[in-house]
Amino acid sequence: MIYTCYEMIRDCRADKVEGWSYFVANYTPVIAKLVAHYGGDVESTLIALRQPGSGPFQSMEPSPERWFVGEVRQRIVAAAPAPKVEMPLDLETVAAALEPLTTTEKQVAWFESMRFSPPQTAEALRMAPATVEKIRQRAGEMIRAKVDSWRRDMLAENGRSLGREAAQAETKDCLPSKTFLDILDGRSTWRGREETESHAGKCWHCIDHFCRMAEVIEVLRGVKPLSESDAAPWKKKLGIETAKKAFWRR
């Protein structure tokens, strides 16, 4: 029998050892990758997620694992120390500057705000790095025309605050994770993709959401679970180990 993320979320809600053991073994490496990119530390993230009522364990979408990792990612970004910003840039200015771009071009620009390199962005969005570079240069010049002071890394420098603004800009028309994952997985129809882009092209919440889902796919790629010996110290820190094992032996 295959134990899935769905069962893990269910069992963690019920505070079962099986769920938390699976979580530590399978998602500590994922958390380590996210923390390495955004800041923070693995231990405090695990402790926060272990608390009753933790957000990532409170809902369920049709793609539970990738939705779950996306929620963990949001928790890490929110908790990570904010970098110093010398030239503030708000979402309204970015939206006005980049309004002429296509939906895909906006996604490329947004990946820069998430501090991903052109090759990393190209991998996530399945395009050539040279194309990413060209779009980034154009987007940079468009932002430059809208602000009083500018430098090349301005979008990346303001990425944390821009991401928070976009995450809070959700409307009743915004799309669920599954819609974006269907596009990324090649399951969406042409008409469905057109309808999605019609909304997302004008909605920076959905641009951000799409990019987060594309990032999650890359984060999960090639991640291997911890061995039992490597997972044991983390389980001990979280208080989820061994008492029940002794009972089973009896």
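These legends go with close-up views of helix α14 and its neighbours in a predicted model.

**View 1. The two sides of helix α14, residues 228–238.** Start with the helix on its own. Its buried residues are Ala 231, Lys 235 and Leu 238. Looking down the axis of α14, you'll find these buried residues within an arc of 55°, so they line one face of the helix. That fits a general pattern: an α-helix has 3.6 residues a turn, so residues three or four places apart point the same way. Flip to the face turned away from the buried side and you meet the exposed Ser 229 and Lys 236. Right after α14 comes Gly 239, with a positive phi near 70°.

**View 2. Helix α2 (residues 17–38) crossing α14.** The two axes come within 10 Å and cross at roughly 125°, so α2 and α14 count as oblique to each other. The crossing is right-handed. On the α2 side, the contact uses Ser 21, Val 24, Ala 25 and Thr 28, while α14 brings in Ala 231, Trp 234, Lys 235 and Leu 238. Sorted by class, that makes five nonpolar, two polar and one charged residues.

**View 3. Helix α3 (residues 42–50) packing on α14.** Here the axes sit 10 Å apart, at an angle of about 50°, so α3 and α14 are oblique to each other as well. This crossing is right-handed too. From α3 come Val 42, Glu 43, Leu 46, Ile 47 and Arg 50, which meet Trp 234, Lys 237 and Leu 238 of α14. The tally for this contact is five nonpolar, no polar and three charged residues.

Note on methods:
Residues are numbered from 1 along each chain as its sequence is written. This is a predicted model: local features need pLDDT of at least 70, side-chain atom pairs count only at pLDDT 80 or more; totals for chains, interfaces and linings use all residues. Side-chain values use heavy atoms; hydrogens and water are left out. Buried means under 20% relative accessible area, exposed over 50%, partly exposed in between (1.4 Å probe, protein chains only). Helices (H or I, at least four residues) and strands (E, at least two) are DSSP runs, numbered from the N terminus. The arc is that of the directions from the helix axis to the C-beta atoms. Axes are lines fitted to C-alpha atoms, for helices over the stretch in contact, and angles run from 0 to 180 degrees between N-to-C directions. Angles under 35 degrees count as roughly parallel, over 145 as roughly antiparallel, 65 to 115 as roughly perpendicular and the rest as oblique. A crossing is left-handed if the near helix is turned anticlockwise from the far one by less than a right angle, and right-handed if clockwise. Contact means heavy atoms within 4.5 Å. Ala, Val, Leu, Ile, Met, Phe, Trp, Tyr, Cys and Pro count as nonpolar, Asp, Glu, Lys and Arg as charged, and the others, Gly among them, as polar.
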